[in-house]
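Q: I'd like a close look at the inside of this one, please. Start with how far to trust it, then follow the packing out to the backbone oddities and charged pairs around it.

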Amino acid sequence: MDNSIDFLRDEVRNGFYIPTAIKQAWLATLDILRKIDSICEKYGIRYFADWGSFLGAVRHGGFIPWDDDLDICMLRDDYDKFRQVADAELPENFVIHDYERKDNHWLFLARVVNNSKMCFDLEYLNEHNNFPWLAGVDIFIKDYLYEDEEKEKSRCDEILNILAVADGIIDGQINKNAVLQKLNEFSAKYNAKFPKLNPDKKSEREVAVSLYRLAEKQMARVKPEDTNRVGQIFPWVIKYGSGAGETKSWYEKSIRLPFENTTIPVPACYNTVLTKRYGDYCTVKKNWDGHNYPFFEGQKKEMEEISGESFGGYKFDSKILERDVPDKSNSLKTVAKECVSGLKKMLADADKICAGSELAAEAFDELTKLVGDIQQLAADLGTLTENVKGADRECTFKLVGALQSLCDALWEDYIKVKEKAESGATEETVANNAETDFYKSRDALDKVEQSVKENILDRKEILFLPIGIREWKAFEDLYEKEISDPDTDVYVVPLPLLKKNFVGEVNMTDEEIAESAHMSEYPGELSCTDFRNYDLGLHAPDVVYIQNPYDEANPCHTIPPYFYASNVRKYADNVVYVPIAPTAEFSQDDGSDMYNMRHYVTAPGVIAADKVLVQSENIRSLYIDTLSSFAGQETEDIWKKKIEVADKYIEALTETLGEKADNKAGESRRKKLLVCIGANELLESTERGISLTEALNSKLAILKESADNIDVSISLYPEDKKEWLKVQDSLAKEIFDVIDSAVSKGYVKATFEDSKDADAIAQEYDAYYGSPSPFVPAFSAVGKPVMIADFGIS
């Protein structure tokens, strides 16, 4: 199983927030798919992504973001081959659910499940990303249909007749005599034998299973060589007739498309198939009625009822709302003030020694030690400031320079006093010059005190705690506003994401932890601080921006506990939570969105923060409702005060925001267009009698005319050229040559953008033109223009 910590990160995809809990389910399901895939490859068995998984592979490069199940289909002959070998080839703990093996599974599909029961064994959980619940892959069967609609209707009626008797037995709705009459009728018509029907549940089930088996036999009675039509007979062909069937040739060639961290086969003419099924399938409609979301929630409730324990995640404790005064006792500001006071006292003591009647050897030794102590304290303050503030900051330069000037003045004054003492000056001379002996030092110390005030005490410190380079983007506007203030020191401390086991233990080496912070991936202009070198107590920041909502509550990963919101606020005046990315707007009626808020909103990092920034008044209202429902309605006023719309907060940070916006608006740049060609065009253009090569050349020629105003990048979906060659080798090579030619002439850039980064790429480009691909919903989600190409139109 994939144990990648990065895959398990929360993310916002196409405007939908996907928490770690859903990613766990995805990985469990993908693990089953890999096992099925290896069997199919070993035995030459064809299968295809189906239903939402088919749509997800084409349109999203993986799961539909708000879906969590995985469906595949097989033609009847391939399915029969799979069932013959599956039991021996699947892992020992896997099971197959169908109407014969699983109670109440009265469906004509097989479900490959990763275990026979929920498993809380720690070794198992460590191997399965702390996911104890059952996951499965549904295998739908496509049977061969009669070409003659009347024959197909007659078969469907027969199947319905058989199933009506089976369901009547299961439900107890048909009396025994009527059942026996029907069994005799079926025996004669189909030459079938049935178990004896006794008045007990076991016997009734055996008869019902035999009837389902008979119905399935009728579904399989058309041979592949006798038809050009295939379809899922139950329920679709039965319900809608032959029109629910599909062309058999659509399933003759396949291509593997990206699917999360793997690939999955789909019909090579996937656009034709999906258009037939769904019409305008590129337009996202975030609703479905196929199953409950998420699939594991029912199991969780069942386990809670059995065990009496809760598996709901983080439990609210009102103590988290208690806010202590931040501890500044060991901060650089406190230490600096103490150092200045110490320097003043020691310099005053030096003056007292010099004001004495004579500088005896003992007194001079005391003065010498005192001067050394002053210099050491000044040096220590300078070193501490460099370690805390950073040696390359202007404020550090200024303070260290003032401290160095103090040390220089102190030495100069000391040498003069020493020379006077060695020259045998009279008591009267010594006394008269006492006030001027360390006058340069006093003047320098005044400047040190002023420098401490300007460069430490009066400066504000802001800390950003990003948890990844992708997540950093959510901080960028705030960061720009904060660094625009010349009296503010801003620190960026990337945090590592730590994989933990089911009981919360982190088993990573120090090297692995350091690497997981991905320090080198952040923009070069950012001056990042290693998390191991940032001391909250010394820095005592005024504001800390966080984006990890979970603290200890995530089911799979965590950050160093030192940077939990509950600990950060011990030292910071304000802790501000910023979500990792904006989502699409949604409402209480969007069940999947609302469910996921239970993971990333009702979390300790959000609750412990002093302020929560959200994207809109609508989302603010949803946060307030969700948190009030979670923590109790009596807390509603707390959330109303704590949660703010981000734009209003950012506007309050700086009065120059409007000016900056005007400057940006005045900037001009070349527009960027992403063109993507899908492998579906290979077969579909041929079927339409279109020369894809000529069509593509024609499109690129038009784009060439706009080369002075538009930067055009071209990509393929899927990116793997080998998959294209498997579909139509010669035509694929022609397409590659056309692209290479356009690139060599300089009016097109071959980027071959990774569809896994579709959301980030959509932010970079201005518009999309091309075939259906994961870029389409990504561009649509951020309001960028999308045009689906028709290569038949010149």
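A: Confidence first: this is a predicted model, with a mean pLDDT of 92 and 94% of residues at 70 or more. The stretch to watch is residues 654-666, where the pLDDT is below 50. Beyond near neighbours in sequence, that stretch has 7 contacts in the model, but where pLDDT is low, the predicted coordinates should not be read in detail.

Now the inside. The largest nonpolar core takes in 115 residues, and Ile72, Phe82 and Ile264 have the most contacts within it. Helix H1 (residues 20-43) gives the most to this core, with 12 residues. Phe82 shows what the packing looks like from one side chain: setting aside residues within four places in sequence, Phe82 is in contact with Ile36, Ile39, Cys40, Ile45, Met74, Val112 and Ile139. That fits the broad trend that nonpolar side chains tend to be buried together in soluble globular proteins.

There's also a second, separate core of 50 residues, with Met594, Tyr600, Leu622 and Ala631 among its members. Met594 and Tyr600 bring us to helix H22 (residues 591-600), which is worth a slow look. 8 of the 10 residues of H22 are buried, so the rest of the structure largely encloses this helix. The buried ones are Ser592, Asp593, Met594, Tyr595, Asn596, Met597, His599 and Tyr600. As for what does the covering, the list includes strand S2 (16-18), H1, H10, strand S17 (574-577), helix H23 (604-608) and helix H24 (617-631). H1 therefore turns up twice: it gives the most residues to the largest core, and it is also part of the cover over the buried residues of H22.

Follow H10 next. Just ahead of it, Pro294 lies in the loop between helix H9 (270-278) and helix H10 (297-307), and the peptide bond from Tyr293 to Pro294 is cis, with omega near -10 degrees. Inside H10, Lys300 forms a salt bridge with Glu297, with the closest N and O atoms 3.8 Å apart. The two are 3 residues apart in the helix, which puts about one helical turn between them. Both partners are buried: Lys300 has a relative accessible area of 9%, and Glu297 has 12%. While we're on cis bonds, Phe234 and Pro235 are joined by another, with omega about 5 degrees; Pro235 belongs to helix H8 (residues 233-240).

The phi values have a couple of oddities too. Most residues other than glycine have a negative phi, and most peptide bonds are trans. Glu260 has a positive phi near 55 degrees, in the loop between strand S10 (254-259) and strand S11 (262-267). Glu260 is buried, at 5% relative accessible area, and takes part in a salt-bridge network with Glu11, Arg13, Lys23, Arg470 and Asp757. Asn104 also has a positive phi, of about 60 degrees, but Asn104 is exposed, with a relative accessible area of 69%. Asn104 is found in the loop between strand S5 (95-97) and strand S6 (109-113).

That S5-S6 loop has a charged tie as well. Asp103 there meets Arg205 in a salt bridge, 3.5 Å from N to O. Arg205 is in helix H7 (residues 201-219), 102 residues away from Asp103 in the chain, and the pair links distant parts of it. Arg205 counts as partly exposed at 21% relative accessibility; since buried means under 20%, it falls just outside that class. For another pair, take Lys453 and Asp458, whose closest N and O atoms are 2.6 Å apart. Lys453 is partly exposed at 38%, and Asp458 is partly exposed at 45%. Across the whole structure, a search finds 52 salt bridges.

Two last stops, one inside and one outside. Gly770 sits in strand S23 (residues 767-770) and is buried, with a relative accessible area of 0%. Not counting residues up to four places away in sequence, Gly770 touches Cys676, Met787, Ile788 and Ala789. On the outside, Leu122, Phe502 and Val503 form a nonpolar surface patch with about 270 Å² of accessible area together. Leu122 is found in helix H4 (residues 122-127) and is partly exposed, at 43%.

Terms used:
Residues numbered from 1 in each chain as written. Predicted model: local features only at pLDDT ≥ 70, side-chain atom pairs only at ≥ 80, totals over all residues. Heavy atoms only, no water. Patch = residues over 30% accessible without salt bridge, like charges linked within 9 Å, V, L, I, M, F, W, Y side chains within 5 Å. Areas by Shrake-Rupley, 256 points an atom, 1.4 Å probe, with all protein chains shown as cover. Salt bridge = Lys/Arg side-chain N within 4 Å of Asp/Glu carboxyl O. Helix = DSSP H or I, 4+ residues; strand = E, 2+ residues; numbered from the N terminus. Buried < 20%, exposed > 50% of the residue type's maximum accessible area, 1.4 Å probe, protein only. Core = buried A, V, L, I, M, F, W, Y, C linked by side-chain atoms within 4.5 Å. Contact = heavy atoms within 4.5 Å. pLDDT = per-residue confidence, 0-100.
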